[in-house]
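Work through the exercises below with the sequence and the structure at hand. Try each task before you read its solution.

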Amino acid sequence: MKGIVFNLLEEVVTDAHGEQVWDALLDATGLSGSYTSLGSYPDEHLEQLLQAAASALDTPPGEILRWFGKAAMPLLAKRYPSFFSAHRSARPFVLSVNSIIHPEVRKLYPGADVPFFDFSDEPDGTLLMGYRSPRKLCLLSLGFIEGAAAYYHESTTFEHLECMHRGDSCCQIKITFTPGGAR
Ligand code: HEM
């Protein structure tokens, strides 16, 4: 996992809970916390930090991961405005992840392990998203999508129809975008 992910996690945890909570997570995990954005670090570090945050904040690790994704989006929008300004709503932004965003991420952060999503339009107007990754970070995706919806003043609901955490071979998530929503 690239250091940028840990940099973002530090920033959102510090903004929301203060530096002392980030330091406490490092103490609890025994990690040094010195991540450079372009460096590559074991995926387990993220797992360890999420577990420590779950204990410290008395919140399930999956919820922390989703919150992290949502809270990171405004920071990504500030750093990479062109990904966002190219679209006027969340759906086309999300659909650009395979074709534009993640390929650019791989150029900016050589060695980045980004997932590929299967998207299909459902007859009821919702978007079906298939996700498969050995890291099983489906809830990070949900957070990113919620954060993107908030950026475009929309809200989202999800139906997690299949999930790798429930033993399915991949995640299948039905996404509904609704206009209106607080940033
Ligand atoms: C809604 C849009 C997006 C979704 C659903 C999404 C989803 C994900 C997920 C789930 C991962 C974890 C890796 C894995 O699952 O194996 C990931 C990795 C990553 N994504 Fe995205 N992403 C989105 C947009 C973005 C944007 C806007 C950026 C920033 C420019 C970004 C940058 C990254 C980076 C740097 C990684 C880490 C790669 C690594 O550590 O090797 N993503 N993304």
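**Exercise 1. Find out how α1 and α4 are oriented to each other, and which residues join them.**

Solution. This is a predicted model. Start with the axes. Those of α1 and helix α4 (residues 61-79) cross at roughly 100° and come within 9 Å. Angles from 65 to 115 degrees count as roughly perpendicular. Therefore α1 and α4 are roughly perpendicular to each other. Next, list the residues. From α1 come L8, L9, E11, V12 and A16, and from α4 come F68, A71, A72 and L75. Last, sort them by class. Eight are nonpolar, none is polar and one is charged.

**Exercise 2. Do the same for α1 and α2: give the angle, name the orientation and list the contact.**

Solution. Take the axes again. The axis of α1 and that of helix α2 (residues 19-29) cross at roughly 130° and come within 6 Å. An angle that is neither under 35 nor over 145 degrees, nor from 65 to 115, counts as oblique. So α1 and α2 are oblique to each other. Now the residues. On the α1 side stand E10, V13, T14 and H17; on the α2 side they meet E19, V21, W22 and L25. By class, this contact has four nonpolar, two polar and two charged residues.

**Exercise 3. Describe the two domains and the place where they touch.**

Solution. First, the bounds. The domain assignment gives domain 1 as 3-59 and domain 2 as 69-179. Second, the spacing. The domain centres, taken over C-alpha atoms, are separated by 22 Å. Third, the contact. Domain 1 brings eight residues to it, and domain 2 brings six. On the domain 1 side, helix α1 (residues 3-17) gives the largest share, with five residues. That side of domain 1 has five nonpolar, one polar and two charged residues.

**Exercise 4. Sum up the whole chain: its elements, its size and its burial.**

Solution. Count the elements. The protein chain has seven helices and four strands. Read them in order. From the N terminus they run α-α-α-α-α-α-β-β-α-β-β. Then check the size. A compact globule of 183 residues would have a radius of gyration near 16 Å, and the protein chain agrees with 16 Å. Along the principal axes, its C-alpha atoms fill a box of roughly 50 × 35 × 35 Å. Turn to burial. Of the 183 residues, 28% count as buried. Finish with the contacts. Take those between residues at least 6 apart in sequence: 62% of them join residues at least 24 apart.

**Exercise 5. Is S141 buried or exposed? Place S141 in the chain as well.**

Solution. Locate the residue. S141 lies in helix α7 (residues 138-151). Count its neighbours. S141 has 23 C-beta neighbours inside 10 Å, so S141 counts as buried; the cut-off is 20 or more. Now compare sequence with space. S141 and L75 are 66 residues apart in sequence, and their C-alpha atoms are 16 Å apart.

**Exercise 6. Where does D168 sit, and which residues does D168 contact beyond its sequence neighbours?**

Solution. Begin with the place. D168 is in the loop between β3 (154-162) and β4 (171-179). Then count. D168 counts as partly exposed because 13 C-beta neighbours lie inside 10 Å. Set aside neighbours within four places in sequence. D168 is then in contact with E162 and C163. Finally, take R132. D168 and R132 are 36 residues apart in sequence and 9.9 Å apart in space, C-alpha to C-alpha.

Note on methods. Residues are numbered from 1 along each chain as its sequence is written. This is a predicted model: local features need pLDDT of at least 70, side-chain atom pairs count only at pLDDT 80 or more; totals for chains, interfaces and linings use all residues. Domain bounds come from an automatic or database domain assignment. Two residues are in contact if their C-beta atoms, placed from the backbone, lie within 7 Å. Helices (H or I, at least four residues) and strands (E, at least two) are DSSP runs, numbered from the N terminus. Ala, Val, Leu, Ile, Met, Phe, Trp, Tyr, Cys and Pro count as nonpolar, Asp, Glu, Lys and Arg as charged, and the others, Gly among them, as polar. Axes are lines fitted to C-alpha atoms, for helices over the stretch in contact, and angles run from 0 to 180 degrees between N-to-C directions. The radius of gyration is taken over C-alpha atoms; the globule rule is 2.2 Å times the number of residues to the power 0.38. A residue is buried if 20 or more other C-beta atoms lie within 10 Å of its own, exposed if 12 or fewer, and partly exposed in between; C-beta atoms are placed from the backbone.
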